[in-house]
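Reader: Could you take me closely through one small part of this model, beginning with a single side-chain pairing and working outward from there? I would like a careful account that I can follow with the structure open beside me.

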Amino acid sequence: MTTFIILPGIGGSGDAHWQTRWENEDRRMRRFRPTNWDSPDLTDWISALERSVAEAPTPPVLVAHSLACLLVAHWQQASVLPVAGAFLVAVPNPQAAAFPSEAKGFADPPTAALRFPSIIVASADDPYGTLAYAQARARQWQSQFVEIGACGHINGESGLGRWPEGLNLLMAFAAECVPVAGLQA
C-alpha cells in the first residue's frame, strides 16, 4: 500500500485546501509536522520531513504544495531515505517579489536532478511562480510537467474544492512510482 506524506506550505493548508481534504478522506495520507507553519525554518522543516519519511511503512510519495516543493529539493540532498516520488504543486520562485520574506531560508534550492521520480503541476496564473519558472525547475529537477490552466496558486483560494483532477494526477503518478519504490526499499 502506498503511503503519502502531505507537505503544506506556509500556514499549513487550511480546511478549504485540497491537501487537507485529501488527508481527511484517505488514511494513507499523513501530514508532516514542522514546529511552526507560519515562520518556516528550513532546518526544522527538513528534520520534520526526515522523521515523517523514516516513520512511513513503505517509501512514500511526497505531496508538496508551494514552499514545501522547495523543501523537497533541499531535503533530498540532505537525506538518504528512500521515497517513491514527489508530486510538486505550485513551485514558488524565491526571487519573485511575492515570495514571503519569512521563507528566505528556503531560497536557492538545488538545481540538480531530484534522486527520485517527480512531477510538477503548475497554474498559468500563479502569483508566486510563472509557468516559465515552473518549466525551468522541471527541466533542472528532471520532473514531468503538467500545466492545468489558470488556477491561481492551486490552493484553498483557487476554488478547486477537493480537486479531483489533481487527485487523479497524483494516483496516476503514484502508480508509475510503485516499481521504483520497490527497487529503493
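Author: The side chains of S143 and S118 make a polar contact at 2.5 Å, a distance that comes, like every value here, from a predicted model. S143 sits in the loop that runs between α4 (131-141) and β6 (144-147). With a relative accessible area of 11%, S143 falls under the 20% limit and is therefore buried. If residues up to four places away in sequence are set aside, S143 touches L114, S118, I119, I120 and A138, and S118, the partner in the polar contact, is thus one of the residues on that list.

I119, which S143 touches, leads on to F87, because I119 is also among the residues in contact with F87 once neighbours within four places in sequence are left aside. F87 belongs to strand β4 (residues 85-89), and its relative accessibility of 0% makes it buried. The other contacts of F87 include W22, L62, V63, A64 and V121, together with W163, G166, L169, L170 and F173. W45, by contrast, is 42 residues from F87 along the chain, and the C-alpha atoms of the two are separated by 17 Å.

W22 and W163, both in contact with F87, bring us to the charged pairs, of which the structure holds three that count as salt bridges. R162 pairs with E25, and their closest N and O atoms are 2.8 Å apart. Because R162 lies in the loop between β6 and α5 (164-184) whereas E25 lies in helix α1 (residues 18-25), this pair ties together parts that are 137 residues apart in sequence. Both partners count as partly exposed, R162 at 32% relative accessibility and E25 at 49%.

A second salt bridge joins the side chains of E23 and R31, with 2.7 Å from N to O. Here both partners count as buried, E23 at 16% relative accessibility and R31 at 12%. In the remaining pair, R28 forms a salt bridge with D26, and the closest N and O atoms are 2.8 Å apart; R28 is partly exposed, with a relative accessible area of 23%, whereas D26 counts as buried at 15%.

Finally, there is the open space in the model to consider. The largest pocket holds about 390 Å³ of space and is lined by 19 residues, of which I10, H65, S66, H153 and N155 lie nearest its centre. The lining is made up of seven nonpolar, 10 polar and two charged residues.

Methods:
Residues numbered from 1 in each chain as written. Predicted model: local features only at pLDDT ≥ 70, side-chain atom pairs only at ≥ 80, totals over all residues. Heavy atoms only, no water. 1 Å grid on protein atoms, 1.4 Å probe; cavity = no way out; pocket = protein on both sides within 12 Å on 5 of 7 lines; lining within 4 Å. Points joined across faces, edges and corners; volume = space filled by probe spheres on them. Nonpolar A, V, L, I, M, F, W, Y, C, P; charged D, E, K, R; others polar. Helix = DSSP H or I, 4+ residues; strand = E, 2+ residues; numbered from the N terminus. Buried < 20%, exposed > 50% of the residue type's maximum accessible area, 1.4 Å probe, protein only. Contact = heavy atoms within 4.5 Å. Polar contact = N/O pair within 3.5 Å; in protein donor to acceptor, adjacent residues only side chain to side chain. Salt bridge = Lys/Arg side-chain N within 4 Å of Asp/Glu carboxyl O.
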